[in-house]
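Trainee: Could you walk me through this one? I'd like to know why things get the names they get.
Mentor: Sure, let's have a look together.

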Amino acid sequence: MKKIVAVILAAITLLLCGCSNKVEEAQEMLDSGDYHGAIEAAEEILGGDSDSEATLDATEIKARALYELQRKAYSEGDFSSAVKYYIQIEELGSDTSVYYKSQKIDIVISAEQELETMYKVYDSGLWDNAVDCEKEIQRLSQLKAMTYGEEDALNSRMKEILSESKALSNEAQRGKWYDEFLSCVEIGDAEGAVKAAKVLHNDWPGSEEDLEAQEYLPQALEQIEQDEKEREQELRDTIRVSRIWTSEPNFLGTVDLFINFTNTSDKTIKYITFYVKFYNAVGDVVECEVKTPTKSKSYLCGYVGPCEPGDGLSGTSYGWGSYFNSTIDHPELVGMVIEYMDGTKTSIGSGDINIVQY
């Protein structure tokens, strides 16, 4: 029995010594710069029946050898190989001493490639894509590995990439707004042209694009003014609301709503839907206690025609409903939809009510 135990112990000792020798051999290769040899030796240990300590040592040696090869590939501009080495280090796990160093190289390579793509899309006039590239570079710069260890050449290079991409993104945004300006001018969108011109002037004052836009600006503003006058006249040639009011509350606290209007169009009106809100004496919106308003707190008041051009309602000849709330002080017209006998419709929103209400 004692002989058997002795044999087993001897075998274990030889195995451990063998593993130790292999680790030392792999370490010597790493120290001498034989990185491929170190990797092969480490893989032999990892593929055998090694103890946990030898496995950890071999993993570390392999990771460091791969890192040295990655650094060399990066310095030579061989980004494809550098990425492959990082993938192998990543597969070994994040516990190796070079994991975050290796990841930092990989991040900077990604930023380099993103910057290259950014130039390509910029040269193609794909402004939004260029801006997206700059955002991705910003994201890469904030990853954990970029803060690992002390400032080094990789951090410096990332800062250069950030600065370059930011400047290019700024140019891309100027190109985008200039294209927007030209497009609006081409299609006659004066408001759009003015908006683009203002952005160019505020963000890139004195640039060629700004000077060109400012030269066109008076013409665009004049066009907007003319368009607004024509739009107002078109609305006034639709309908005129001359008065809207409520009666005094009766003994039940109910008020009656009245609206006077004239059909100023050249078409016969079939239906009108008025949207009305009610306010108390201090200007707060109040609701009828028996009728349900819309989500916007307004009430729909319907009129059934026909109403010929030039006709309408005046005085209290037509009641628009009774509303129960004794605090109602005055109504306000906030919108309307007019449907004509020919099937066409006209909608007037709250921003234009003042044009037709006079």
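**Names and the reasons behind them**

Mentor: Let's begin with Ser141, which lies in helix 6 (residues 127-141). Keep in mind that this is a predicted model.

Trainee: Why is Ser141 called buried?

Mentor: Its relative accessible area is 17%. Buried means under 20%, so Ser141 gets that word.

Trainee: And which residues is Ser141 in contact with, leaving aside its neighbours within four places in sequence?

Mentor: Those are Met146, Met158 and Leu162.

Trainee: Okay, on to rings. How many aromatic pairs does a search of the whole structure find?

Mentor: Nine aromatic pairs turn up. Take Phe181 and Tyr216 as one of them: the ring centres are 5.7 Å apart and the planes stand at 75 degrees.

Trainee: What makes Phe181 and Tyr216 a pair, and why is the pair called edge-to-face?

Mentor: Centres have to lie within 6.5 Å, and here they are 5.7 Å apart, so the rings pair. Planes over 60 degrees apart count as edge-to-face, so 75 degrees settles the name.

Trainee: Why do you say that this pair ties together separate parts of the sequence?

Mentor: Phe181 belongs to helix 7 (residues 153-187), while Tyr216 belongs to helix 9 (residues 208-236), so the parts being tied together are 35 residues apart in sequence.

Trainee: Are Phe181 and Tyr216 buried or exposed?

Mentor: Phe181 has 3% relative accessibility, so it counts as buried. Tyr216 has 17%, so it counts as buried too.

Trainee: What about Phe261 and Tyr303: how do you know what kind of pair they form?

Mentor: Their rings are 5.3 Å centre to centre, with 80 degrees between the planes. Over 60 degrees is edge-to-face, so this pair carries that name. Phe261 is in strand 2 (residues 254-263) and Tyr303 in strand 5 (residues 299-307), so the pair links parts that are 42 residues apart in sequence. Both Phe261 and Tyr303 are buried.

Trainee: Is there anything special about Pro306 in strand 5?

Mentor: The peptide bond leading from Gly305 to Pro306 is cis, with omega near 5 degrees.

Trainee: What sits over the ring of Tyr340?

Mentor: That's the charged end of Lys267, 4.3 Å from the ring centre. The distance cut-off is 6 Å. Likewise, Lys291 lies over the face of Tyr323, at 4.3 Å from the ring centre.

Trainee: Now helices. Why are helix 3 and helix 5 called roughly parallel?

Mentor: The axes of helix 3 (residues 52-75) and helix 5 (residues 99-123) cross at roughly 25 degrees and come within 10 Å. Angles under 35 degrees count as roughly parallel, so the name fits helix 3 and helix 5. The crossing is left-handed.

Trainee: Which residues of helix 3 make the contact?

Mentor: Tyr67, Gln70, Arg71 and Tyr74 do, and they meet residues of helix 5 including Ile105 and Glu112.

Trainee: How do you know what to call helix 5 and helix 7?

Mentor: Same reasoning. Their axes come within 10 Å and cross at roughly 20 degrees. With the limit at 35 degrees, helix 5 and helix 7 are therefore roughly parallel. Helix 5 passes helix 7 in a left-handed crossing. Among the residues that meet there are Leu115 and Tyr119 in helix 5, and Ile161 and Leu168 in helix 7.

Terms used:
Residues are numbered from 1 along each chain as its sequence is written. This is a predicted model: local features need pLDDT of at least 70, side-chain atom pairs count only at pLDDT 80 or more; totals for chains, interfaces and linings use all residues. Side-chain values use heavy atoms; hydrogens and water are left out. Rings of Phe, Tyr and Trp (its six-membered ring) pair if their centres lie within 6.5 Å; planes under 30 degrees apart count as stacked, over 60 as edge-to-face and the rest as tilted. Helices (H or I, at least four residues) and strands (E, at least two) are DSSP runs, numbered from the N terminus. Buried means under 20% relative accessible area, exposed over 50%, partly exposed in between (1.4 Å probe, protein chains only). A charge sits over a ring if NZ of Lys or CZ of Arg is within 6 Å of the ring centre and within 35 degrees of the ring normal. Axes are lines fitted to C-alpha atoms, for helices over the stretch in contact, and angles run from 0 to 180 degrees between N-to-C directions. Angles under 35 degrees count as roughly parallel, over 145 as roughly antiparallel, 65 to 115 as roughly perpendicular and the rest as oblique. A crossing is left-handed if the near helix is turned anticlockwise from the far one by less than a right angle, and right-handed if clockwise. Contact means heavy atoms within 4.5 Å.
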